[in-house]
Amino acid sequence: MELVIEDLSKSFGERQVLQNISFTFSSGKIYGLLGRNGAGKTTFFNCLNGDIKRDSGKFYLLSSNQKRPIQPDDIGYVLSTPTVPAFLTGREFLKFFLDINEANISNLKTVDEYFEEIAIDVADRDKLLKDYSHGMKNKMQMLVNMIVCPPVLLLDEPLTALDVVVAEEMKQLLRTLKQHSIIILSTHIMDLALNLCDEIVLLNHGLLEHLEFSDLNGEAFKERIISALREETE
Ligand SMILES: Nc1ncnc2c1ncn2[C@@H]1O[C@H](COP(=O)(O)OP(=O)(O)OP(=O)(O)O)[C@@H](O)[C@H]1O
């Protein structure tokens, strides 16, 4: 399966953030989206997810040579600032989510099994989500997106708020999910990108550029990324 993007553009006033982006992402791979602060990574995700209106361009899913438009359920989006319903407990939220999505979940597990997967303590499962830490909210948001295993999974700065143990478990989960999903993950953490991702894509000057992994060692490859992002626009 492929996510095909054609001529995607988005401006805010005078500032053209995305400039006629055309790119194809494939399932079976985790893409690391790197770019400087303000490069437009979140804008790119928001356009794909339909949270903001693009100025032009189209995108669709391609599977066995069949094109189909993207539906809201096709995209899972994990935001860097997690949004979860504050006045539900973790358990209520998860149960509600499982109830309404039951038909789309293969290998349905119990609420407590899911909590175990993301290492939420028994004592925290019946607490209100508003009282969860940032990392715990982040885990809940990652979990619900992973449970339904959408064709496209967008992760904006994930893992940064997670403790090292859970971050490692989430990486493992993402590696298993990539067989069925197209995973695009934005991050400023270069080591995470190099360690987890199969492909590196730079968002620079409004365009996406695929960077070939070469036989450079890790440090030399990092240098190449930094120098590509450092180039001036003018
Ligand atoms: N709603 C908005 N109105 C006006 N300008 C916006 C809006 N959203 C984003 N921008 C501008 O678009 C540009 C890209 O922002 P965006 O948040 O997409 O960058 P980013 O790559 O995610 O940055 P960071 O790595 O710092 O999170 C910035 O110049 C930002 O100020």
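Okay, one term before we start: two strands count as paired if DSSP finds at least two bridges between them. With that in hand, look at Glu2, which stands opposite Ser26 in β2. One caveat up front: this is a predicted model.

So that pair belongs to β1 and β2, which run antiparallel and share 8 bridges. The two strands make a hairpin, with 2 residues between them. Check the turn there: Gly13 has a positive phi, about 60°.

Now the other neighbour of β1. Strand β1, residues 2-12, also pairs with β4, residues 56-63, again antiparallel, this time over 6 bridges. If you want a spot to click on, Glu6 stands opposite Lys58 in β4.

Let's put the sheet together. What order do the strands take? It's β2-β1-β4-β5, an open sheet of 4 strands with antiparallel pairing. At the edges you have β2, 15-26, and β5, 66-69, each pairing on one side only. From one strand to the next, the twist averages 25°.

And there's a helix sitting on this sheet. Helix α1, residues 41-48, packs against it and touches β1, β2 and β4. Its direction makes about 65° with that of β2.

Next, the ligand. Which residues are around it? Going along the chain, we have Phe12, Arg15 and Val17, then Gly35, Asn37, Gly38, Ala39 and Gly40, and finally Lys41, Thr42 and Thr43. Two elements give two or more residues to that shell, namely β2 and α1. The largest share is from α1, with 3 residues. So what's the mix by class? I get 6 polar, 3 nonpolar and 2 charged residues. The helix on the sheet, α1, is also a contributor to the ligand shell, then, and the edge strand β2 is the other element on that list.

Okay, zooming out to the whole chain. In total we've got 7 helices and 10 strands. The radius of gyration is 18 Å, and the globule rule gives 17 Å for 234 residues, which is close, so the chain is as compact as a globular protein of that length. If you're setting up a box, the C-alpha atoms fill roughly 55 × 40 × 35 Å along the principal axes.

Two last numbers. Of the 234 residues, 31% count as buried. And among contacts with a separation of 6 or more, 74% come from residues 24 or more positions apart.

That's my tour, thanks.

Conventions: Residues numbered from 1 in each chain as written. Predicted model: local features only at pLDDT ≥ 70, side-chain atom pairs only at ≥ 80, totals over all residues. Axes fitted to C-alpha atoms, helices over the stretch in contact; angles between N-to-C directions. Contact = placed C-beta atoms within 7 Å. Rg over C-alpha atoms; globule rule 2.2 N^0.38 Å. Buried ≥ 20, exposed ≤ 12 C-beta atoms within 10 Å, placed from the backbone. Near = placed C-beta within 6 Å. Nonpolar A, V, L, I, M, F, W, Y, C, P; charged D, E, K, R; others polar.
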